[in-house]
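Biologist: Hey, I've just opened this one and I'm new to it. Can you walk me through it?
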Amino acid sequence: MNPIDDTTPRVDEAPGGIVPIAPSPAHAPPPGAHFMNILRWVLFAFLLVLAIVSIGSYAMSRRPAPVTTGAAGKVIYHCPMHPSYTSDKPGECPICGMTLEPVSVADHNGSNVAGQMGNVAGLTSVQITPERIQMIGVRTARVERSALGGQLDLVGFVTPNESRLRRVQIRVSGWIRELYVNETGVQVKAGQPLLSIYSPELFQSEQEYLINHGGMDSMADPAHDMMDIPGAERLRLLGVPNEEIQRLDREHKASTQLVLRSPVGGTVLERGVTEGQYVGADTPLLTLADLSRVWVMADVYEMDMSRVHVGDVARFTSDAMPGRNYDGRVEFVYPTVSNETRTLKARLALANGDGALRPGMYGRVHVSARGAHALSVPSEAVVNAGQHSYVFLAHAGGRFEPRMVWTGMPEGDRVQILKGVAEGDTVVSSASFLIDSESRLKAAIAGMGSQPGMAGMDHGAGGTP
């Protein structure tokens, strides 16, 4: 017989059946297997929780960040170039990499409300740090209520006083025998001879006068006015001066020529005849003007018509006479408007004793018009975009908001504001173009961010990191 192998399992018989024998120690689990099994389940649970948290975070990031909630005074951070991105922690903008700037929730909400009330197309509010404000030289001014229209600068020119014009003319036909004043622009004195004329009609009238005068009773009352007889009246109607009639009374001889003298002292403005010329009753001989008082005609534009009234104090100055001022008052405002210049005339009467003011001279007329109190801002604060105008309101914390305005009359370095701002508001009065450029750039980038192709980027960046 073969020897018995001790490693062979044995089966002991027992009443009722076979009883199995325990396995060999070679098939037992290795040491530490139970611990590793527990660790595997712990890691699986951790990864499962991490996956759930990641999915939840991604779902939350798809919602826009609420910027209108929070207590007053709470600070949030936003990108100056992308106002749609906000965060409650400092950091960098994930879109452009700029450093986020702090702003209070109240200011942010106020900016949204103001933007809805005074939107300017293509612009948006901007936030600028105090350092940059000082560097670019931003200055501000308040919207004030002041008297506007008190001063009106007009263009005027000198003309002769129409009430001091004299025309030398006679009512008979004849020939100019001698012209004593044959140049325009010369000064003449009252009573100075101007010209002599020969007229057969006038010679015959003088003879008839002498005949009627010689047939009168010599015993008549010497106090009787010889100028009242019918012959003298006819001579006066023909334009014969009283001096010539008195000569006839003294000399009793008709003259073949009549000397016409200057009725006033003044300047010869027009000469319409020459020596030897035949003239009729309708021929203007000479035109004289007394320039001791002249008129200044000022052009008033239609928009300023209501600001100029008779009696307003005015001053005339001219570059031809630096340092000299001529003070007067508005004497008359003409009722018609020129079709060519779209202006009407306002007239001033000025003393010109030394003759320095000459007809045709141009100058400036400063009228102290009757102004009214209205809101105004510095002229450089208003940005004129052609179809509309706007200003930048300065708020606390370095925030600047574009606001559309409606302007009125300008005066000096200020302009009237009809609508858009209120008294006491603060506007940017210098460096507006720099703020305007940054506002336009910010609005343009924000507009690009709202396009469908970039919506996912904006929404993804809008969440809280």
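Modeller: Sure. Let's begin with R347, which is buried, with a relative accessible area of 13%. Keep in mind that this is a predicted model.

Biologist: Which residue does R347 form a salt bridge with?

Modeller: E331 is the partner, and the closest N and O atoms are 3.1 Å apart. The pair ties together distant parts of the chain: E331 is in strand β20 (residues 326-333) and R347 in strand β21 (residues 343-351), 16 residues apart.

Biologist: And E331, how does it count for exposure?

Modeller: E331 counts as partly exposed, because its relative accessibility is 38% and that class lies between 20% and 50%.

Biologist: How many salt bridges does the count come to?

Modeller: The count comes to 15 salt bridges. Three of the residues involved, E244, R247 and E251, are linked in a network.

Biologist: Ok, take me through that network. What are the distances?

Modeller: E244 and R247 form a salt bridge with their closest N and O atoms 2.8 Å apart. R247 also meets E251 through their side chains, at 2.6 Å from N to O.

Biologist: Why can they pair up along the helix like that?

Modeller: An α-helix has 3.6 residues a turn, so residues three or four places apart point the same way. Here E244 and R247 are 3 residues apart in helix α6, about one helical turn. R247 and E251 are 4 residues apart in that helix, again about one helical turn.

Biologist: Are those charged residues buried or exposed?

Modeller: It's a mix. E244 counts as buried at 10% relative accessibility, and R247 counts as buried too, at 15%. E251 is partly exposed, with a relative accessible area of 47%.

Biologist: Which residues of α6 are buried?

Modeller: In α6, which covers residues 242-251, the buried ones are E244, I245, R247 and L248. Looking down the axis of α6, they fall within an arc of 155°, so they line one face of the helix.

Biologist: What's on the face turned away from that buried side?

Modeller: That face carries the exposed residues E243 and R250.

Biologist: And what follows α6?

Modeller: H252 does, and its phi is positive, near 55°.

Biologist: Switching topic: what's the order of strands in the sheet with β13?

Modeller: It's an open sheet of 4 strands in the order β14-β13-β11-β16, with antiparallel pairing. The edge strands are β14 (258-261) and β16 (278-279), each pairing on one side only.

Biologist: How many bridges join β13 to β14?

Modeller: There are 4 bridges between β13 (residues 193-198) and β14, and the two run antiparallel. In one of them, P193 has R261 in β14 as its bridge partner.

Biologist: What about the surface, any nonpolar patch? Which residues make it?

Modeller: F35, M36, I38, L39, V42 and L43 make a nonpolar surface patch of about 580 Å². F35 is found in helix α1 (residues 33-61), and at 55% relative accessibility F35 counts as exposed.

Biologist: Last one, then. What does the whole chain look like in numbers?

Modeller: The protein chain has 8 helices and 28 strands. Buried residues make up 36% of its 465 residues. The chain exposes about 27,900 Å², and carbon and sulfur atoms supply 57% of that.

Biologist: And the contacts, how far apart in sequence are the residues they join?

Modeller: Among contacts between residues at least 6 apart in sequence, 71% join residues at least 24 apart.

Methods:
Residues numbered from 1 in each chain as written. Predicted model: local features only at pLDDT ≥ 70, side-chain atom pairs only at ≥ 80, totals over all residues. Heavy atoms only, no water. Buried < 20%, exposed > 50% of the residue type's maximum accessible area, 1.4 Å probe, protein only. Arc of directions from axis to C-beta. Pairing = 2+ DSSP bridges. Contact = heavy atoms within 4.5 Å. Areas by Shrake-Rupley, 256 points an atom, 1.4 Å probe, with all protein chains shown as cover. Patch = residues over 30% accessible without salt bridge, like charges linked within 9 Å, V, L, I, M, F, W, Y side chains within 5 Å. Salt bridge = Lys/Arg side-chain N within 4 Å of Asp/Glu carboxyl O.
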